[in-house]
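Visitor: Hi, I'm new to this one and would like to be walked through it. Could you put it up on the screen so we can start?

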Amino acid sequence: MPASPFEREAITNLQRYLYQLSFTDPSIPSVPVDGVFGAQTGRALRAFQQARGLTPTGRADQETWDLLYLAYLESLKSTERTEPLYLFPRRPETYSVGLGDEGLIISAIRYLLRELMINYGGVFEDIPLAGTFDTATEGAVKQFQALHGLPVTGRVDRETWNRLVVAQRPEEMDPGRS
């Protein structure tokens, strides 16, 4: 029986937390953030429980959930921010990229959209990493623009680029934030 939307969201959050912890705790295997509680998610949850001295049941009871969320928040705090890399051209101010464009900036845009897909549980179509702005990229940009109240053009201008970059910040990805 498929999970309800509420259960799928809870599973996605659980996976998001485990995914983040897998970067800072080598005992926790990485998991897909897809809203499906599969074998990989069960293994990662049991590894987390064992690492925290809990009985490794692979079930997210209240104690496990509370410890997992606290560990997730601590992991976000302990992850040192890197210095920004300014890829998007500053001049001309009207610069934008779209369908058919190629190059490093397109690879970066596709990477940012792909990371958001992972962190937001598949809101965007799966975008392979490549350097061509194709129709899948255009569609994902339009979805992103609509979700963030930007003009829905399918092109990445400075405003869309800046919002894509801000959306990568851990505090922006945390659904539990106020």
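Visitor: Let me start near the beginning of the chain: does alanine 3 count as buried, partly exposed or exposed?

Guide: This is a predicted model, and in it alanine 3 counts as partly exposed, because its relative accessibility is 38%. Alanine 3 lies in the segment before H1.

Visitor: Which residue is alanine 3 paired with in space, 34 residues apart along the chain?

Guide: That residue is phenylalanine 37, and the C-alpha atoms of the two are separated by 9.3 Å.

Visitor: Okay, stepping back, how many helices and strands does the chain have?

Guide: The chain has seven helices and two strands, and when you read along the sequence they follow the pattern α-α-α-β-α-α-β-α-α.

Visitor: And how much of the chain counts as buried?

Guide: Of the 178 residues in the chain, 38% count as buried. As for contacts with a separation of 6 or more, residues 24 or more positions apart account for 50% of them.

Visitor: Let's turn to the helices. What do people use to describe two packed helices?

Guide: Two packed helices are described by the angle between their axes together with the distance between those axes.

Visitor: Then at what angle do H1 and H3 pack?

Guide: Helix H1, which covers residues 5-24, packs against helix H3, residues 62-78, at an angle of about 50°, and their axes are 9 Å apart. That angle makes H1 oblique to H3, and H1 passes H3 in a left-handed crossing.

Visitor: Which residues meet there?

Guide: On the H1 side they include Ala10, Leu14, Tyr17, Leu18 and Leu21, and on the H3 side they include Trp65, Leu68, Tyr72 and Leu76. Sorted by class, the contact of H1 with H3 has 11 nonpolar, five polar and one charged residues.

Visitor: What about H1 and H2, how far apart are their axes?

Guide: The axes of H1 and H2 are 10 Å apart, with a packing angle of about 60°, and H1 passes H2 in a left-handed crossing. The contact is made by Leu14, Gln15, Leu18 and Leu21 of H1 together with Thr41, Ala44, Leu45 and Phe48 of H2. By class, this contact has six nonpolar, two polar and no charged residues.

Visitor: And how are H2 and H3 placed, parallel or perpendicular?

Guide: Helix H2, residues 39-51, packs with H3 at an angle of about 85°, with the axes 11 Å apart, and the two helices are therefore roughly perpendicular to each other. Leu45, Phe48 and Gln49 of H2 make the contact with Thr64, Leu67, Leu68 and Ala71 of H3, and by class it has five nonpolar, two polar and no charged residues.

Visitor: I'd like to look at leucine 14 again. Is it buried or exposed?

Guide: Leucine 14, whose place is in helix H1, is buried, because its relative accessible area is 3%.

Visitor: What does leucine 14 touch, leaving out residues up to four places away in sequence?

Guide: With those left out, leucine 14 touches Phe37, Thr41, Leu45, Ala60, Trp65 and Leu68. Another residue to find on screen is valine 31, which is 17 residues from leucine 14 in sequence and 9.9 Å from it in space, C-alpha to C-alpha.

Visitor: Switching to alanine 39, is that one buried or exposed?

Guide: Alanine 39 is exposed, because its relative accessible area is 53%, and its place is in helix H2. The C-alpha atoms of alanine 39 and glycine 58 are separated by 9.6 Å, while the two residues are 19 residues apart along the chain.

Visitor: Last topic: where is the place of threonine 160?

Guide: Threonine 160 has its place in helix H6, which covers residues 158-166. Threonine 160 is buried, because its relative accessible area is 3%.

Visitor: Which side chain does the side chain of threonine 160 make a polar contact with?

Guide: The partner is the side chain of glutamine 145, at 3.1 Å. Not counting residues up to four places away in sequence, threonine 160 touches Val141, Phe144, Gln145, Leu150 and Arg155.

Definitions and conventions: Residues numbered from 1 in each chain as written. Predicted model: local features only at pLDDT ≥ 70, side-chain atom pairs only at ≥ 80, totals over all residues. Heavy atoms only, no water. Axes fitted to C-alpha atoms, helices over the stretch in contact; angles between N-to-C directions. Helix = DSSP H or I, 4+ residues; strand = E, 2+ residues; numbered from the N terminus. Parallel < 35°, antiparallel > 145°, perpendicular 65-115°, else oblique. Left-handed = near helix turned anticlockwise from the far one by under 90°. Contact = heavy atoms within 4.5 Å. Nonpolar A, V, L, I, M, F, W, Y, C, P; charged D, E, K, R; others polar. Buried < 20%, exposed > 50% of the residue type's maximum accessible area, 1.4 Å probe, protein only. Polar contact = N/O pair within 3.5 Å; in protein donor to acceptor, adjacent residues only side chain to side chain.
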